[in-house]
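Student: I should like to learn how to read the features of a protein model systematically. Could we work through one together?

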Amino acid sequence: MTASLRALIYLLFVLSGVVRCASRDGSKVWRAGPSSAIGGIEALAKKDRWYDAFAETDLAAFNSPTSSFVDLLEDDFPL
């Protein structure tokens with residue numbers, strides 16, 4: 001069974017599992033796996049995601065506030 005990730009805060013780091021992402025019109029579909037970041041650009045811009053994300057498998061993910069993500073980029077830019 002897939003679970004919708006739409007209700008989650010924008011920025012999500014996938015630790016394990018697979019997330020299926022699809023544009024709302026269905027024209028673009030891709031999958032995100034471990035070490036993927038979902039929603040980073042939208043979170044920085046304070047805009048809604050232009051796609052929906054659904055967990056296709058059991059998922060372990062880290063949900064980060066935007067401010068923490070910005071701090072990470074500022075402190076560890078080479079990442």
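The dialogue below treats the fold, the strand pairing, the salt bridges, the core and the surface in turn.

Student: What kind of model is this, and which elements run from the N terminus on?

Tutor: The model is predicted. From the N terminus on, the order of elements is β-β-β-β-β-α-β-β-α, which amounts to 2 helices and 7 strands.

Student: Which share of the contacts joins residues at least 24 apart?

Tutor: Contacts between residues at least 6 apart in sequence form the reference set, and 67% of them join residues at least 24 apart.

Student: How should I read the sheet, and in which order do its strands lie?

Tutor: A general idea helps when one inspects any sheet: in a regular strand the side chains alternate between the two faces of the sheet. In this structure, 3 strands form an open sheet, ordered β5-β2-β7, with antiparallel pairing. Strands β5 (37-38) and β7 (60-63) stand at the edges with a single partner strand each, so one side of each has no neighbour in the sheet.

Student: How many bridges join β2 to β5?

Tutor: Strand β2 (residues 12-16) is joined to β5 by 2 bridges, and the two run antiparallel. Phe13 has Ala37 of β5 as its bridge partner.

Student: Which strand is joined to β3 by 5 bridges?

Tutor: That strand is β6, which runs antiparallel to β3. Within this pairing, Val19 has Ala55 of β6 as its bridge partner.

Student: Is β6 largely enclosed or left open by the rest of the structure?

Tutor: Of the 5 residues of β6, 4 are buried, so the strand is largely enclosed by the rest of the structure.

Student: How does one read salt bridges, and how many are there?

Tutor: The general idea is that side chains of opposite charge can pair when their charged atoms come close. Here the cut-off is a side-chain nitrogen of Lys or Arg within 4 Å of a carboxyl oxygen of Asp or Glu, and the count by this rule is 2 salt bridges. In one of them, Asp52 pairs with Arg24, with the closest N and O atoms 3.1 Å apart. This pair links distant parts of the chain, 28 residues apart: Asp52 belongs to strand β6 (residues 51-55), and Arg24 to the loop between β3 (19-23) and β4 (29-32).

Student: Are Asp52 and Arg24 buried, partly exposed or exposed?

Tutor: Asp52 has a relative accessible area of 15% and is buried, whereas Arg24, at 47%, is partly exposed. A further reference point for Asp52 is Gly26, 26 residues away along the chain, with 9.6 Å between the two C-alpha atoms.

Student: Which side chain meets Glu56 in a salt bridge?

Tutor: The side chain of Arg31 meets Glu56, at 2.9 Å from N to O. Again the pair links distant parts of the chain, here 25 residues apart, with Glu56 in the loop between β6 and β7 and Arg31 in strand β4. Glu56 is partly exposed, with a relative accessible area of 29%, while Arg31 is exposed at 52%.

Student: How is the interior described, and which residues make up the largest nonpolar core?

Tutor: One may start from the share of buried residues, which is 29% of the 79 residues in the protein. The largest nonpolar core has 8 residues: Leu12, Val14, Val19, Cys21, Ala32, Ile38, Tyr51 and Ala53. Strands β2, β3 and β6 are the elements that give two or more residues to this core.

Student: What does Cys21 touch, beyond residues up to four places away in sequence?

Tutor: Its contacts are Lys28, Val29, Trp30, Ile38, Tyr51, Asp52 and Ala53.

Student: Where is Ala32 placed?

Tutor: Ala32 lies in strand β4 and is buried, at 7% relative accessibility. Leaving aside neighbours within four places in sequence, Ala32 contacts Gly17, Val18, Val19 and Ile38. The C-alpha atoms of Ala32 and Ala53 are 9.3 Å apart, and the two residues are separated by 21 residues along the chain.

Student: Finally, how is the surface read, and which residues make the nonpolar surface patch of about 280 Å²?

Tutor: The protein exposes about 5,300 Å², of which carbon and sulfur atoms supply 58%. The patch is made by Ile41, Leu44 and Leu73. Leu73 is in helix α2 (residues 66-75) and is partly exposed, at 36% relative accessibility.

Methods:
Residues are numbered from 1 along each chain as its sequence is written. This is a predicted model: local features need pLDDT of at least 70, side-chain atom pairs count only at pLDDT 80 or more; totals for chains, interfaces and linings use all residues. Side-chain values use heavy atoms; hydrogens and water are left out. Two strands pair if DSSP finds at least two bridges between them. Buried means under 20% relative accessible area, exposed over 50%, partly exposed in between (1.4 Å probe, protein chains only). Contact means heavy atoms within 4.5 Å. Accessible areas come from the Shrake-Rupley method with a 1.4 Å probe; for residues, only the protein chains shown count as cover. A nonpolar core is a set of buried Ala, Val, Leu, Ile, Met, Phe, Trp, Tyr and Cys residues joined through side-chain atoms within 4.5 Å. Patches are made of residues with over 30% relative accessible area and no salt bridge: like charges are joined within 9 Å, nonpolar side chains (Val, Leu, Ile, Met, Phe, Trp, Tyr) within 5 Å.
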